[in-house]
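This briefing introduces a single protein chain to a reader who has not met it before. Please consult the sequence and the three-dimensional view while reading.

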Amino acid sequence: MLFLPASDGFAPNINVQTQFFEGDLAAYAALSRQQFAELELELLAEEISPHQITWSYQGLWQGIPLRWYSRAIFDAEARKAFLMTGTALQSQWPQVAPSIKRCVESLELLPSERSER
C-alpha cells in the first residue's frame with residue numbers, strides 16, 4: 001500500500017492485489033459491476049480494452065463517503081487479474097485525483113509477471 005498525507009482523519013491510499021479468476025475479462029467485468037451494485041456503489045465510468053479495465057466509482061463504505069479509481073490488468077492464461085485501486089474521501093478527491101490516477105495508470109506487468117506463452 002502507498003499513502004498520501006492524511007487530512008480529515010483519512011489517508012488517501014493505493015493498493016495492489018493479485019486476484020485469481022477462472023473466467024475471461026468480460027466475466028471479470030460483469031462480476032465487478034455486480035459487486036459494485038451489491039455494495040450500493042455508484043459506477044461513474046468504466047473503460048474496457050482487450051486486456052484491462054479501468055473504473056471510477058463512489059459511495060459509502062462503513063458510513064464514510066469515498067471515491068475509488070481502479071485498474072485491472074487481466075491475464076486469462078494465468079487466470080489472474082492484477083488490480084490497483086486508489087481510494088480517497090470524496091471531499092479529498094479534487095486535490096488527490098491527479099496523483100491517484102497517475103499512480104494507478106502506471107501499473108504495468110513486467111515479463112516475469114506474465115504467464116509463459
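The points below proceed from the whole chain to its sheet and then to individual residues.

The structure is a predicted model. The chain contains 2 helices and 6 strands, and from the N terminus on these elements follow the order β-β-α-β-β-β-β-α. The radius of gyration is 15 Å, close to the 13 Å that the globule rule gives for 117 residues, so the chain is as compact as a globular protein of that length.

**Overall dimensions and surface**

- Along its principal axes, the C-alpha trace of the chain extends over about 45 × 30 × 20 Å.
- Of the 117 residues in the chain, 41% are buried.
- The accessible surface of the chain amounts to about 7,100 Å², and carbon and sulfur atoms account for 53% of that area.
- The chain carries 9 positive and 14 negative charges, and the mean positions of these two groups lie 5 Å apart.
- Considering contacts between residues at least 6 apart in sequence, 45% connect residues that are at least 24 apart.

**The sheet**

- The 6 strands make up an open sheet in the order β1-β2-β6-β5-β4-β3, with antiparallel pairing.
- At the edges of this sheet stand β1 and β3 (42–49), each of which pairs on one side only.
- In general, strands of a sheet pair through backbone hydrogen bonds, in either a parallel or an antiparallel manner.

**Pairing of strand β2**

- Strand β1 (residues 2–3) and strand β2 (residues 13–20) run antiparallel and are joined by 2 bridges.
- Within this pairing, L2 is placed opposite I14 of β2.
- β2 also pairs with strand β6 (residues 80–89), again in the antiparallel sense, over 8 bridges.
- Two residue pairs illustrate the link to β6: N13 stands opposite T87, and Q17 has L83 as its bridge partner.

**K80, a residue of strand β6**

- K80 belongs to strand β6.
- Is K80 buried or exposed? The relative accessibility of K80 is 24%, so K80 counts as partly exposed, given that buried means under 20% and exposed means over 50%.
- Although K80 and F21 are 59 residues apart along the chain, their C-alpha atoms are separated by 5.5 Å.
- Leaving aside residues up to four places away in sequence, K80 touches T18, Q19, F20, F21, I73, F74 and D75.

**Loop residues with positive phi**

- D8 is located in the loop between β1 and β2, and its phi is near 50°, a positive value in a residue other than glycine.
- D8 has a relative accessible area of 64% and is therefore exposed.
- Q62 occupies a place in the loop between β4 (52–61) and β5 (64–75).
- Q62 is not a glycine, yet its phi is positive, at about 55°.
- With a relative accessibility of 72%, Q62 counts as exposed.

**Points to retain**

- The order of strands in the sheet is β1-β2-β6-β5-β4-β3, whereas the elements along the chain run β-β-α-β-β-β-β-α.
- β2 has antiparallel pairings with β1 and with β6.
- D8 and Q62 each have a positive phi without being glycine.

Methods. Residues numbered from 1 in each chain as written. Predicted model: local features only at pLDDT ≥ 70, side-chain atom pairs only at ≥ 80, totals over all residues. Heavy atoms only, no water. Helix = DSSP H or I, 4+ residues; strand = E, 2+ residues; numbered from the N terminus. Rg over C-alpha atoms; globule rule 2.2 N^0.38 Å. Buried < 20%, exposed > 50% of the residue type's maximum accessible area, 1.4 Å probe, protein only. Contact = heavy atoms within 4.5 Å. Areas by Shrake-Rupley, 256 points an atom, 1.4 Å probe, with all protein chains shown as cover. Lys, Arg positive; Asp, Glu negative; His and termini not counted. Charge placed at Lys NZ, Arg CZ, Asp CG, Glu CD. Pairing = 2+ DSSP bridges.
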